[in-house]
Amino acid sequence: NSSQSHFINIFLSYLTSTMTDRFDCYYCRDNLHGKKYVKKDDKHVCTKCFDKLCANTCAECRRPIGADAKELHHKNRYWHEDCFRCAKCYKPLASEPFSARDDGKIMCGKCGSREDGNRCQGCYKVVMPGSQNVEYKNKVWHEECFTCFECKQPIRTQSFLTKGDDIYCAPCHEKKFAKKCFHCKQPITSGGISYQDQPWHSECFVCQTCRKPLAGARFTSHENNVYCVDCYKTDVAKKCHGCKNPITGFGHGTNVVNYEGYSWHEYCFNCKKCSLSLANKRFVINGDHIYCPDCAKKL
């Protein structure tokens, strides 16, 4: 992260020896009496040895910062005073506020603000203050870059929805992700009813015949259509060949016997003469009636 800081001037003390005893450079052992020297880490060093052996390297020009140069220091990095400039506009920053970026560049306040400003999540360019932009979940886009992932058109003032990190306009999200009604095959945008693991619009889940809403009511289905009990009995259900009433599958006697295109309630499938139940037994048909084998022999 960029950090705002004021620079630290390091002024090396140049001392002139007035001592009368032997006073030598730590490195070359030249006598320092009456000469300019630098005290470095408690060592006394002549300016020549300092420039050659002790001087820090300028972070900008990569040349040594000599004893006679003014040195600027920030976070273990050093500059000549003239090298301490904005990397963008080259403005001298020796007495100005600045920002130090992660890539090592030094910038003036204005350039640093522009460089570190919010970047568009679409084009990754800086979103300048006052420009038309969109903010969502602490991220920012240029208005023209805030586009639908599917149709690529700018969202602008439309409503939008998200899927993971992708943004969709409402029509594209509906088309791509919304469940389709089992009856009308159109997307279900809100609410809906589930029947046999299939989604339905509430307005589609009605009796095929009388259009009565079936949510919360008794109903049955036939060939992908749903019917209320009354309409199913009247219009759809087979009629028992015995009692002539609808075979609905509701309530008592849900089992059905089918034979040669005719159907019976299981409880109606009895011998016409002795009333013996013939379900799962041998029987004889004579006209519209059924008989057990014994009664059939007596006819």
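# Notebook: a walk through the predicted chain

**Entry 1, the whole chain.** I began with burial: of the 299 residues in the protein chain, 31% are buried. I am working with a predicted model, and I keep that in mind throughout. For secondary structure I noted 5 helices and 23 strands. I then looked at the contacts with a separation of 6 or more, and 19% of them join residues 24 or more positions apart. The chain exposes about 19,700 Å², and carbon and sulfur atoms supply 46% of that area.

**Entry 2, the cysteines.** How many disulfides does the count come to? I found 0 disulfides. Cys123 is in no disulfide, and the nearest cysteine sulfur, in Cys120, lies 3.8 Å away. I also looked up how open Cys123 is: with a relative accessible area of 30%, Cys123 is partly exposed.

Next I asked myself why Cys204 is not bonded to Cys184. The closest cysteine sulfur to that of Cys204 is the one in Cys184, at 3.8 Å, and this is too far for a bond. The cut-off I needed here is 2.5 Å between the two sulfur atoms. Cys204 is buried, its relative accessible area being 13%.

**Entry 3, helix α3.** I stayed with the cysteines for one more, Cys172, which lies in helix α3. Is Cys172 buried or exposed? Cys172 has 14% relative accessibility, so I put this residue down as buried. Setting aside the neighbours within four places in sequence, I see Cys172 in contact with Cys148, Glu150 and Cys151. I also checked Cys172 against Phe160, 12 residues away along the chain, and their C-alpha atoms are 9.2 Å apart.

His173 is also in helix α3, which covers residues 170-177. Its relative accessibility is 16%, so His173 counts as buried too. Which residues does His173 touch, once neighbours within four places in sequence are left aside? I listed Leu161, Thr162, Tyr168 and Ala178.

**Entry 4, a hairpin.** I moved on to strands β18 (residues 219-222) and β19 (residues 225-228), which pair in the antiparallel sense over 4 bridges. Together β18 and β19 make a hairpin, with 2 residues between the strands. Which residue stands opposite His222? I found Asn225 of β19 there. In the turn, I noted that Glu223 has a positive phi of about 50°.

**Entry 5, aromatic rings.** The structure holds 19 aromatic pairs, and I picked two to describe. In the pair of Phe23 and Tyr37, the ring centres are 5.2 Å apart and the planes meet at 80°, so I call this pair edge-to-face. Phe23 sits in the loop between β3 (14-16) and β4 (36-40), while Tyr37 is in strand β4, so the pair ties together parts that are 14 residues apart in sequence. Phe23 is buried at a relative accessible area of 10%, and Tyr37 is buried at 7%.

For Tyr262 and Trp264, I read 6.3 Å between the ring centres and 55° between the planes, so that pair is tilted. The two partners differ in burial: Tyr262 is partly exposed, with a relative accessible area of 40%, whereas Trp264 is buried at 3%.

I also traced a cluster in which ring pairs link Phe182, Tyr195, Trp200, Phe205 and Phe219.

**Entry 6, charges over a ring.** Which charged ends sit over the ring of Tyr26? One belongs to Arg29, 5.9 Å from the ring centre. Another belongs to Lys43, and here I noted 5.3 Å to the centre.

**Entry 7, a loop lysine.** My last stop was Lys272, in the loop between β21 (262-265) and β22 (284-286). Leaving out neighbours within four places in sequence, I see Lys272 in contact with His289, Ile290 and Tyr291. Lys272 and Tyr291 are 19 residues apart along the chain, and 5.6 Å separates their C-alpha atoms.

Terms used. Residues numbered from 1 in each chain as written. Predicted model: local features only at pLDDT ≥ 70, side-chain atom pairs only at ≥ 80, totals over all residues. Heavy atoms only, no water. Buried < 20%, exposed > 50% of the residue type's maximum accessible area, 1.4 Å probe, protein only. Contact = heavy atoms within 4.5 Å. Pairing = 2+ DSSP bridges. Phe/Tyr/Trp six-rings, centres within 6.5 Å; stacked < 30°, edge-to-face > 60°. Lys NZ or Arg CZ within 6 Å of the ring centre and 35° of its normal. Areas by Shrake-Rupley, 256 points an atom, 1.4 Å probe, with all protein chains shown as cover.
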